[in-house]
Amino acid sequence: MEAFIIDLWDKYAATWGYLILFFWSILEGEIGLILAGIASYAGHMNIFLAILVAGLGGFTGDQIYFYVGRTSKHYIKKRLEKQRRKLALAHLLLQKYGWFIIFIQRYMYGMRTIIPISIGITRYSALKFALINLLSAFVWASITILLAWYFGEQIFALLELLKRYPYLVILLLVCMLGGVFWYFRAHTKRIDKKIQKVQQGLELKKGKEC
């Protein structure tokens with residue numbers, strides 16, 4: 001299995017690997033970073049260059065989302081009408097946690113695109129957002145790629161196991177689909193609870209200030 005993956009990489013990604021990684025990182029897909037970590041483990045990519053490229057891609061992606069929100073406020077509000085609860089939550093989280101929410105938003109699945117867009121809609125400093133976003137992007141890229149590189153041997157062993165027992169792939173897919181369904185169902189409820197909790201916290205804070 002390892003030889004098969006390396007052969008595919010040699011044919012299709014060795015030349016354009018860093019470019020592919022950059023655009024993949026714009027979409028903030030951890031799979032691309034994991035593949036880069038595995039490729040670095042196999043000696044087909046330079047791990048430091050991979051982190052640099054992925055970090056720049058992640059930074060670019062959120063900058064795009066931020067300026068989409070800043071330059072197209074009315075369009076975005078109409079376009080994301082169905083996501084209004086997430087937009088409301090993003091605004092409340094920014095009010096409560098400030099810059100920290102920008103730093104950790106890459107790990108908030110279901111909110112990763114909404115948060116930079118919603119911040120762009122506000123009057124938040126573009127320079128401050130860019131600096132925090134840059135740091136966050138490189139931390140995200142470093143952690144993901146280094147972990148994949150460190151566990152490269154175990155990942156190849158798992159792939160070999162799946163090759164020997166293909167029915168495990170079906171089992172994993174069923175579990176993943178079930179997990180995705182459960183996640184989105186529970187996520188909507190959590191968003192409503194978070195909105196209420198953050199609103200209550202802000203109201204208490206305002207009450208104390210008065």
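## Ground rules and helix α3

A residue is called buried here when its relative accessible area is under 20%, exposed when that area is over 50%, and partly exposed in between, using a 1.4 Å probe and protein chains only. By that rule, the buried residues of helix α3 are Glu30, Gly32, Leu33, Ala36, Gly37, Ile38, Ala39 and Ser40. Helices and strands are DSSP runs numbered from the N terminus, with H or I over at least four residues for a helix and E over at least two for a strand.

The model you are looking at is predicted, so local features need pLDDT of at least 70 and side-chain atom pairs count only at pLDDT 80 or more, while totals for chains, interfaces and linings use all residues. Residues are numbered from 1 along each chain as its sequence is written, and side-chain values use heavy atoms, with hydrogens and water left out.

## The overall picture

This protein has eleven helices and zero strands, and the pattern along its sequence reads α-α-α-α-α-α-α-α-α-α-α. It has 210 residues, and 37% of them count as buried. Contact means heavy atoms within 4.5 Å. Of the contacts between residues at least 6 apart in sequence, 81% join residues at least 24 apart.

The accessible surface comes to about 13,300 Å², with 68% of it belonging to carbon and sulfur atoms. These areas come from the Shrake-Rupley method with a 1.4 Å probe, and for residues only the protein chains shown count as cover.

## Annotated transmembrane regions

An unreviewed UniProt entry places the feature "transmembrane region" at residues 16-35, 47-68, 130-152 and 164-184. UniProt positions are in the numbering used here, feature names are shortened, and annotations may be inferred rather than shown by experiment.

How does the model look over two of these ranges? Residues 47-68 are 100% helix and 0% strand, with end C-alpha atoms 32 Å apart. Residues 130-152 are 96% helix and 0% strand, and there the end C-alpha atoms are 32 Å apart.

## Around α3 and serine 40

Let us return to α3, which covers residues 30-41. The expected span of a helix is 1.5 Å times one less than its number of residues. For the twelve residues of α3 that gives 16 Å, and the end C-alpha atoms are indeed 16 Å apart, which agrees. Just after this helix, glycine 43 takes a positive phi of about 90°.

Serine 40 belongs to α3 and is buried because its relative accessible area is 8%. Beyond its neighbours within four places in sequence, serine 40 is in contact with Met45, Asn46, Ile47, Ala50 and Trp149.

## Helix α9, inside and out

Is isoleucine 145, a residue of helix α9, buried or exposed? Isoleucine 145 is buried because its relative accessibility is 0%. Leaving out residues up to four places away in sequence, it touches Leu33, Ala36, Gly37, Ile47, Ala50, Ile51 and Ala54. The C-alpha atoms of isoleucine 145 and isoleucine 31 are separated by 9.8 Å, although their positions lie 114 residues apart along the chain.

Tyrosine 150 also lies in α9, but this residue is exposed, at 57% relative accessible area. It is part of a nonpolar surface patch with Tyr41, Tyr107, Ile143, Leu146, Leu147, Trp149 and Phe151, and together they have about 790 Å² of accessible area. Helix α9 (residues 126-150) supplies the largest share of this patch, five residues. Patches take residues with over 30% relative accessible area and no salt bridge, joining like charges within 9 Å and nonpolar side chains (Val, Leu, Ile, Met, Phe, Trp, Tyr) within 5 Å.

## A buried salt bridge

How many salt bridges does the structure hold? There is one, where a salt bridge is a side-chain nitrogen of Lys or Arg within 4 Å of a carboxyl oxygen of Asp or Glu. Arginine 106 pairs with aspartate 62, and their closest N and O atoms are 3.4 Å apart. This pair links distant parts of the chain, 44 residues apart: arginine 106 is in the loop between α7 (99-104) and α8 (114-121), and aspartate 62 is in helix α4 (residues 47-71). Arginine 106 counts as buried at 0% relative accessibility, and aspartate 62 counts as buried at 0% too.

## Helix α6 and methionine 111

Helix α6 (residues 84-97) holds lysine 86, which counts as buried at 15% relative accessibility. Its C-alpha atom is 7.1 Å from that of methionine 111, 25 residues away along the chain. Leucine 89 lies in α6 as well and is buried, with a relative accessible area of 1%. Leucine 89 and methionine 111 are 9.2 Å apart, C-alpha to C-alpha, and 22 residues apart in sequence.
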